[in-house]
Amino acid sequence: MAHVAAWKKQVIKELVDAMKSHHSVAVVDLHGIPSAQLQLMRQGMRPKAAVIMSRNTLLNIAVDEAAKERPGLEKIKEFISGQCAIVATDENPFKLFRRMESTKSAAPAKPGDVAPKDIEVKAGETPFKPGPIVGELQKVGIPAGIEGGKIVIKKDKVLVKKGEVISAELAAVLPKLEILPMTVGMDLKAVFENGLIYKKDVLDVPADYYTGMIALASRNAMALAVEVAYFAPETMAPLLAKAYRNAVAISSEAAFPTKDTIQFLLAKAEASMLALAARIPELADERVKERLSSTPSSSAPSPSAKEEPKEEKKEEKVSEEDAAAGLGALFG
């Protein structure tokens with residue numbers, strides 16, 4: 001049996017214990033993080049998560065060992081490559097992803113780095129005074145010149161396209177222009193939780209994305225259930241309220257008196273009576289005249305009503321005999 005160094009056994013045991021005892025297990029990419037910055041990140045995460053770095057072969061062995069008690073965990077091995085680490089935590093994958101994103105910050109490019117996006121300079125003044133730096137800028141392809149005693153960039157220009165390698169000369173100039181194209185921080189590749197693997201593209205959503213979607217679906221389901229009168233414990237209250245509103249509306253429209261419609265019907269009848277009396281004052285008795293004088297604005301025809309020719313034509317057809325008969329019916 002081949003001899004295995006004691007420190008390797010210890011590392012594997014630490015990894016297996018961490019993966020067995022925590023709810024979520026993640027693989028994170030540590031490429032490009034300076035050592036000092038990485039130590040600060042690990043310290044910052046320590047209260048909530050264990051960040052364990054080791055050789056990828058040891059990480060794979062530990063995952064296989066832990067997967068004996070957590071089926072499905074072995075699927076996370078496909079994300080172990082390059083300079084990475086295992087993170088074990090009790091936070092859910094979405095919270096862990098946001099915590100990892102919070103560790104990221106802009107950083108200057110190093111010679112040989114691959115541009116993560118188009119690196120562009122914008123036209124305008126620079127903070128530099130005329131001097132040798134003009135030559136440095138022009139050497140890397142920046143259209144720089146001297147205008148009004150200052151160094152200016154004459155036009156916008158893409159210096160490196162996304163995916164291209166950044167040269168040593170350009171890497172030296174970009175920080176002087178305060179261009180930090182790289183991002184440094186723990187980059188979460190995937191998380192294992194409850195037998196499922198969550199990849200980065202699933203986790204990279206706003207904090208309230210899924211809760212908002214569920215809330216919208218719930219509102220739509222409730223609206224549809226009420227519309228089609230689907231009976232369920234959750235829909236009974238709105239269905240009864242809707243039925244009550246519809247019943248009151250129909251009763252009011254049909255002038256069917258109930259305890260819930262009688263006040264509205266009386267108010268509607270009084271308003272109609274006052275409107276008619278205002279148009280034919282000679283038919284109104286003292287009580288009606290007193291009522292009209294106390295509510296001039298509500299009972300008198302509105303100016304806008306006079307401007308509606310269709311309504312005026314319809315009302316002009318009412319004879320005085322009909323109006324008198326109507327008033328008589330109202331007052332008995």
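Colleague: How many salt bridges does the count come to?

Modeller: The count comes to 13 salt bridges. Please keep in mind that this is a predicted model.

Colleague: Which residue does Lys13 meet in a salt bridge?

Modeller: The partner is Asp17, and the N to O distance between the two side chains is 2.9 Å.

Colleague: Why are Lys13 and Asp17 separated by about one helical turn?

Modeller: They are 4 residues apart in helix 1 (residues 6–21), so about one helical turn lies between them.

Colleague: Are those two buried or exposed?

Modeller: Neither word fits. Lys13 counts as partly exposed because its relative accessibility is 49%. Asp17 also counts as partly exposed, at 37% relative accessibility.

Colleague: And what does Asp64 meet?

Modeller: The side chain of Asp64 meets that of Lys77 in a salt bridge of 3.0 Å, N to O. This pair links distant parts of the chain, 13 residues apart: Asp64 lies in helix 3 (residues 56–67), while Lys77 lies in the loop between helix 3 and strand 3 (84–89).

Colleague: What is the relative accessible area of each?

Modeller: For Asp64 the value is 34%, so this residue is partly exposed. For Lys77 the value is 28%, and this residue is partly exposed as well.

Colleague: What about Glu91, buried or exposed?

Modeller: Glu91 is buried because its relative accessible area is 13%, and the cut-off for buried is under 20%. Its side chain meets that of Arg99 in a salt bridge of 2.7 Å, N to O. Arg99, at 24% relative accessibility, counts as partly exposed.

Colleague: Which residues are linked in a network of salt bridges?

Modeller: The network links Glu101, Lys104, Asp187 and Lys200. Asp187 also appears in the sheet, where this residue of strand 11 is the bridge partner of Asp29.

Colleague: Turning to that sheet, in what order do the strands come?

Modeller: The sheet is open and has 5 strands in the order 2-3-1-11-12, with antiparallel pairing. Strand 2 (49–53) and strand 12 (196–199) are the edge strands, each pairing on one side only. On average, neighbouring strands are turned by 20° against each other, direction ignored.

Colleague: How many bridges join strand 1 to strand 11?

Modeller: There are 5 bridges between strand 1 (residues 24–29) and strand 11 (residues 187–193), and the two run antiparallel.

Colleague: Which helix packs on the sheet?

Modeller: Helix 4 (residues 93–101) packs there and touches strand 1, strand 3, strand 11 and strand 12. The direction of helix 4 makes about 165° with that of strand 11.

Colleague: A change of topic, then. Which residues make the nonpolar surface patch?

Modeller: Val202, Tyr209, Tyr210 and Met213 make a patch of about 350 Å². Helix 8 (residues 209–227) contributes the largest share, 3 residues.

Colleague: Where is Met213 found, and what does Met213 count as?

Modeller: Met213 is found in helix 8. At 45% relative accessibility, this residue counts as partly exposed.

Colleague: One last residue: where is the place of Tyr244?

Modeller: Tyr244 sits in helix 9 (residues 236–253) and counts as partly exposed, with 47% relative accessibility.

Colleague: How many residues apart are Tyr244 and Asp260 in sequence?

Modeller: They are 16 residues apart in sequence, and the C-alpha to C-alpha distance in space is 9.9 Å.

Note on methods. Residues are numbered from 1 along each chain as its sequence is written. This is a predicted model: local features need pLDDT of at least 70, side-chain atom pairs count only at pLDDT 80 or more; totals for chains, interfaces and linings use all residues. Side-chain values use heavy atoms; hydrogens and water are left out. Patches are made of residues with over 30% relative accessible area and no salt bridge: like charges are joined within 9 Å, nonpolar side chains (Val, Leu, Ile, Met, Phe, Trp, Tyr) within 5 Å. Accessible areas come from the Shrake-Rupley method with a 1.4 Å probe; for residues, only the protein chains shown count as cover. A salt bridge is a side-chain nitrogen of Lys or Arg within 4 Å of a carboxyl oxygen of Asp or Glu. Buried means under 20% relative accessible area, exposed over 50%, partly exposed in between (1.4 Å probe, protein chains only). Two strands pair if DSSP finds at least two bridges between them. Axes are lines fitted to C-alpha atoms, for helices over the stretch in contact, and angles run from 0 to 180 degrees between N-to-C directions. Contact means heavy atoms within 4.5 Å.
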